[in-house]
Amino acid sequence: MSTARPAVGEDEANALFSGLENLPGFILAVSGGPDSTALLVLAARWAKRRKRAPKILAVTIDHGLRQEAAHEAAAVRRLAGALGVTHRTLRWRGAKPKSGLQEAARHARYRLLAQAAEGAGFAHILTAHTLDDQAETVLFRLARGSGLLGLTGMAYASPLRASGEATVFLVRPLLNIPKTRLIATLKAARVAYSEDPTNRDPRFARTRLRGLLPALAREGLDARGLARLAARLRRAESTVDFAVNAAHEALAPGPWRHGEPIAFETVRFASLPAEVGLRLLGRAVAHAGNEGPVELKKLEVLYDALRQARSLLRRTLAGALITLDSEYLTVERAPARRSPPIRKNSNSRFTK
């Protein structure tokens, strides 16, 4: 029996892009690698088959990190032109960080893509994330100690705040397609693609985790299994979120106003299932505080302290003051930290 991976056919491509046909247009994020090149080919073919198709703008981001990037962008431009798709290359300019380079490059990429979408008057950006990328994401977040929400992986569509007031959406039509099938699609179409050597650089955590996937697959935990886990956790996440919303309305109906304390009856809060109570506490801290996102580990430490408290307890987290007594659990903005007193010269006591 043949084990060759089939190319993505016309009917399957129609299903992949279903729901996008009535958009005025969208951005295709195309780096020149096999996944995004396949996305470009499939989207262009899909649009050509339609009497009325959205406008397509392919955008390549040159991060300025490799000399080959400019040649790869030029190759994408030539392919896009041959397919009848407009193309632009955008460059990440300025100094590059010495640490956290991949994460900084990712933020820059999405910022530039969002700007391109706004400039074109589009609200959707299509990326070429695959089934393999989903598996890597779940594995990466698992290794980083992510909570339930993080382990749901990437969604088919998710909002991305652009530079202005508008919100654009990331759409991942290839999320259930293995990379091998995209490569088969390009081979069938006789379309060349590039390979980014940083994808094999062991200095990066994702590369090292990617190297574990073949061994995991031999034990039965392949990319499709990890993606299936993410889908099941997404169902569970929806259920938990529903329960948290219900607890929110039952214990402290909104809308919560900025600057005003949020109070939960201690007995009723303590009766909530642990995950629901943790999430509700996290919402309150995020609303009242002013120091950015609430770190899950620190929130868990706080929640455990509240559950174990037998007397008055006061803690601060992320700019919020949390007070527990026998009647209420109160979350409010923490008082501004006082600057330490200015210390006089240590020799001043010897002066007259």
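Does Asp62 count as buried or exposed, or rather, which of these two words fits Asp62? In this predicted model, Asp62 counts as buried, because its relative accessibility is 9%.

**View 1. A salt bridge joins Asp62 to Arg91 across two strands**. The side chains of Arg91 and Asp62 meet in a salt bridge, with a distance of 3.9 Å from N to O. This pair links distant parts of the chain, since Asp62 belongs to strand S2 (residues 55–62) and Arg91 to strand S3 (residues 86–91), and the two are 29 residues apart. While Asp62 is buried at 9% relative accessibility, Arg91 is partly exposed, with a relative accessible area of 41%.

**View 2. Helices H8 and H10 are linked through Glu237 and Arg279**. Here the side chains of Glu237 and Arg279 meet in a salt bridge of 2.7 Å, N to O. Glu237 lies in helix H8 and Arg279 in helix H10 (residues 274–288), so that the pair, 42 residues apart, links distant parts of the chain. Glu237 counts as buried because its relative accessibility, 10%, is under the 20% limit. Arg279 also counts as buried, at 19% relative accessibility.

**View 3. Further salt bridges involve Glu295 and a network around Arg66**. Glu295 forms a salt bridge with Lys298, and the closest N and O atoms of these residues are 3.9 Å apart. With a relative accessibility of 43%, Glu295 counts as partly exposed. Elsewhere, Arg66, Glu68 and Glu72 are joined into one network by salt bridges that share partners. The count of salt bridges comes to 12.

**View 4. Five arginines form a positive surface patch**. The patch is made up of Arg5, Arg224, Arg228, Arg232 and Arg235. One of these residues, Arg224, is found in helix H8, which covers residues 223–251. Arg224 is partly exposed, with a relative accessible area of 40%, and it can belong to a patch because that value is over the 30% that patch members need.

**View 5. Helix H6 carries a run of buried residues**. Within helix H6 (residues 179–189), the buried residues are Arg181, Leu182, Ile183, Ala184, Thr185 and Leu186. Their cover includes helix H1 (10–16) and helix H2 (34–48). Just after H6, the backbone at Arg190 takes a positive phi of about 55°.

**View 6. The whole chain gives the setting for the close-up views**. The chain contains 11 helices and 10 strands, and its C-alpha atoms fill a box of roughly 80 × 60 × 45 Å, taken along the principal axes. Of its 352 residues, 43% count as buried, and the accessible surface comes to about 20,900 Å², of which 53% belongs to carbon and sulfur atoms. Among contacts between residues at least 6 apart in sequence, 68% join residues at least 24 apart. The chain has 55 positive and 32 negative side chains, and the centres of the two sets lie 5 Å apart.

Key:
Residues are numbered from 1 along each chain as its sequence is written. This is a predicted model: local features need pLDDT of at least 70, side-chain atom pairs count only at pLDDT 80 or more; totals for chains, interfaces and linings use all residues. Side-chain values use heavy atoms; hydrogens and water are left out. Patches are made of residues with over 30% relative accessible area and no salt bridge: like charges are joined within 9 Å, nonpolar side chains (Val, Leu, Ile, Met, Phe, Trp, Tyr) within 5 Å. Accessible areas come from the Shrake-Rupley method with a 1.4 Å probe; for residues, only the protein chains shown count as cover. A salt bridge is a side-chain nitrogen of Lys or Arg within 4 Å of a carboxyl oxygen of Asp or Glu. Lys and Arg count as positive and Asp and Glu as negative; His and the chain ends are not counted. The place of a charge is taken as NZ of Lys, CZ of Arg, CG of Asp or CD of Glu. Helices (H or I, at least four residues) and strands (E, at least two) are DSSP runs, numbered from the N terminus. Buried means under 20% relative accessible area, exposed over 50%, partly exposed in between (1.4 Å probe, protein chains only). Contact means heavy atoms within 4.5 Å.
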